[in-house]
Each structure stands twice: as C-alpha cells, then as structure tokens.
Amino acid sequence: MTDLRKKILNDLRVELSEEFDRNFQRKAFFDRRWPPRKINRPGSLLMVTGTLRRSIRCQVNADSVMWESSEKYASLHNYGGTLTVTAKMKRFFWYKYKATNDESWKWMALMKTGTVITIPQRQFLGDHPQVRKTAERIINDNLQNAANAIIKNFKP
C-alpha cells in the first residue's frame, strides 16, 4: 500500500507541477485570467525575470504534496493584498529608474511614503476544479493499475 501511495503522490507532483507552470504561459490560473497590468506593456507581470516561475518547488511527504516558492513576494501575487510604500522602497524605485530610465519606476518613486498599493490576485498555485479533476484521474488510474496487477497475479 505504501508503494501505491508513493506512486500516486509522485504522479500528482509531476502532472500538477506541469499544470502550475503552464499557468505562467496561460497568464491565468487555469481558466481564470490574471488582471492586466496597470502600465500597458507586453508580456506578463509575473514573467518579467522568470524568477518567480523558477522558484516554485514541490515537496512530497508521506501523505501529501505541497508546492511553495522561496520568493518573498510569491504569496502577495498568489493571493493578492496590499503593501505600504516605505522610504526603503522609494530608494529602490529611484535606483531602478536611474538604472533603466523606465518611467514606471519614476512613477512609483514619486509615491508618498505610507501610500498603500493594492496588488490584485494573480494566482498560479492552489486549489481549482482542474486540480481536483487531475488528482481524481491520477488516483483512479493508479488504483485500476494496482487492481489489474493483483488480478493478473491471482491464480485460483
């Protein structure tokens, strides 16, 4: 039974990791499109450098599979939320503006300290009907394969 559980969890890890990665290509959480960027630019906000996408790791335990990211801002994008502009952030924004001459950094650098920025949810990991459907298929396939192996080896 332990081998069957390991096989199911490993299959979940492989297939769902691929699906979660595809969310970055889809610019959506399966069928739920991400809100557009406020500043109109080509590409996806969550794919500017690809760091977030590459940071996603999966851990298989005895009875569960869990995905996580080492990036501090991952949960803010995945769940949405707010952040308050600090003096340190403003210095960073000025630095980015001077390094890139990108007006969006200047716009952010000119924000007053204490300004609250709302980050809309751009989910890439988590529960979704497609996740449950995939999990159900993987479990059923593995159980059917195990039953077939038992029947094949059964000799009356």
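The following conversation concerns two helices, the core around them and a few single residues of a predicted model.

Student: Before we start, what kind of model is this, and how are residues numbered?

Tutor: It is a predicted model, in which local features need pLDDT of at least 70 and side-chain atom pairs count only at pLDDT 80 or more, whereas totals for chains, interfaces and linings use all residues. Residues are numbered from 1 along each chain as its sequence is written, and side-chain values use heavy atoms, with hydrogens and water left out.

Student: Which residues make up α6, and what does it span?

Tutor: Helix α6 covers residues 129–153, which is 25 residues. Its first and last C-alpha atoms are 36 Å apart, close to the 36 Å expected at 1.5 Å a residue. The expected span is 1.5 Å times one less than the number of residues. Helices are DSSP runs of H or I with at least four residues, and strands are runs of E with at least two, numbered from the N terminus.

Student: Which residues of α6 are buried?

Tutor: They are Val131, Thr134, Ala135, Ile138 and Asn142. Buried means under 20% relative accessible area, exposed means over 50%, and partly exposed lies in between, with a 1.4 Å probe and protein chains only.

Student: What covers them?

Tutor: The cover includes α1, residues 2–26. Helices α1 and α6 pack at an angle of about 145°, with their axes 10 Å apart. Axes are lines fitted to C-alpha atoms, for helices over the stretch in contact, and angles run from 0 to 180 degrees between N-to-C directions.

Student: Who takes part in that contact?

Tutor: From α1 the participants include Leu4, Ile8, Leu12 and Phe20, and from α6 they include Val131, Ala135, Ile138 and Leu143. Contact means heavy atoms within 4.5 Å. The residues of this contact divide into eleven nonpolar, two polar and four charged. Here Ala, Val, Leu, Ile, Met, Phe, Trp, Tyr, Cys and Pro count as nonpolar, Asp, Glu, Lys and Arg as charged, and the others, Gly among them, as polar.

Student: What else do the buried residues of α1 pack against?

Tutor: Besides α6, they pack against β1, α2 (51–55), β3 (56–60) and β4. Leu9, Glu19, Asn23 and Phe24 are among the buried residues of α1.

Student: Switching to the core, how many residues has the largest one?

Tutor: The largest nonpolar core has 20 residues, and those with the most contacts inside it are Leu12, Phe20, Trp67 and Phe124. Such a core is a set of buried Ala, Val, Leu, Ile, Met, Phe, Trp, Tyr and Cys residues joined through side-chain atoms within 4.5 Å. The elements giving it two or more residues are α1, β4 (65–69) and α6. Helix α1 supplies the largest share, seven residues.

Student: What does Trp67 touch?

Tutor: Leaving out residues up to four places away in sequence, Trp67 touches Leu12, Leu16, Phe20, Ile56 and Cys58, among others.

Student: And what follows α1?

Tutor: Lys27 follows α1, with a positive phi near 55°, although Lys27 is not a glycine. Lys27 lies in the loop between α1 and β1 (28–29). Its relative accessibility is 33%, so Lys27 counts as partly exposed.

Student: Is Phe30 buried or exposed?

Tutor: Phe30 is buried, because its relative accessible area is 10%. Phe30 sits in the loop between β1 and β2 (32–33) and has a positive phi of about 60°.
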